[in-house]
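Let's take a look inside this protein, starting with what packs together and moving on to the charged pairs. Have the 3D view open while you read.

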Amino acid sequence: MEGRKTLVSTDFDVPEGLETNRFRLRMLNIHDLVRDFDAVMSSSDHLQETFSVIMGSDWPEGLTLEENLIDLGWHQREFTLRYSFAYTVVTPSEDRCLGCVYINPSPKSDYDAMVTMWVRAEELESPLDDELYASVRTWISSCWPFKRTAYPRREIPLDLWFTLPDHC
């Protein structure tokens, strides 16, 4: 990972999370394995139709508990190295994973960061997805140092997103 650029400077205090009456965001880590795996696998079709399309993958198809542990360890390490930031979305009591929020370098040249998120499929009928998006958007604009943040599928239609020029 030597020579890889961090998403934020070393003097930036990375927010520990965000809390509302409905949910809490905090760093996703390996201790979230069981709750995260349950949320992902119970929402597999929904994730493939929405979230995974942005990343150009078929995740979480075929995901095993062990592979999820590896993914969580990778997210945790990238967070500590400031390369990207994965936050779990949990209930205020932290007894249930409701989804995830990812803050990554943008692959598109007009943006410095890309924020993606998802909620459990069973929460799609509730206002959670809209509440999460609105809260995260405010949090990013007020607490993070990005000049231009992309929200593919939320603010930028995917057909347009895929045509935007990539970083060189």
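Leu-25 has plenty of company: leaving out residues up to four places away in sequence, it touches Glu-16, Gly-17, Leu-18, Tyr-87, Thr-88, Val-89, Val-101, Leu-132, Val-136 and Trp-139. Here a contact means heavy atoms within 4.5 Å. Before going on, note that this is a predicted model, where local features need pLDDT of at least 70 and side-chain atom pairs count only at pLDDT 80 or more, while totals for chains, interfaces and linings use all residues. Residues are numbered from 1 along each chain as its sequence is written, and side-chain values use heavy atoms, with hydrogens and water left out.

Leu-25 is also one of the residues with the most contacts inside the largest nonpolar core, alongside Ile-103 and Trp-144. That core has 26 residues. A nonpolar core is a set of buried Ala, Val, Leu, Ile, Met, Phe, Trp, Tyr and Cys residues joined through side-chain atoms within 4.5 Å. Buried means under 20% relative accessible area, exposed means over 50%, and partly exposed is in between (1.4 Å probe, protein chains only).

Which parts supply at least two residues each to this core? Strands S3 (85-90), S4 (97-105) and S5 (113-119) do, and so does helix H5 (128-143). H5 gives the most, with six residues. These labels come from DSSP runs numbered from the N terminus: helices are H or I with at least four residues, strands are E with at least two. Apart from this core lies another one of 13 residues, including Leu-28, Leu-33, Cys-97 and Tyr-102.

Now for the charges. Side chains of opposite charge can pair when their charged atoms come close. The count comes to 15 salt bridges, each being a side-chain nitrogen of Lys or Arg within 4 Å of a carboxyl oxygen of Asp or Glu. Here are three of them:

| Pair | N to O distance |
|---|---|
| Glu-131 and Arg-22 | 3.5 Å |
| Glu-94 and Arg-24 | 3.0 Å |
| Arg-35 and Asp-32 | 3.5 Å |

Glu-131 sits in helix H5 and Arg-22 in the loop between strands S1 (17-19) and S2 (24-27), so their bridge ties together parts 109 residues apart in sequence. Glu-131 is partly exposed at 31%, and Arg-22 is partly exposed at 29%.

Glu-94 is in the loop between S3 and S4, with Arg-24 in S2, so this pair links parts 70 residues apart in sequence.

Is Asp-32 buried or exposed? At 2% relative accessibility, Asp-32 counts as buried, whereas its partner Arg-35 is partly exposed at 29%.
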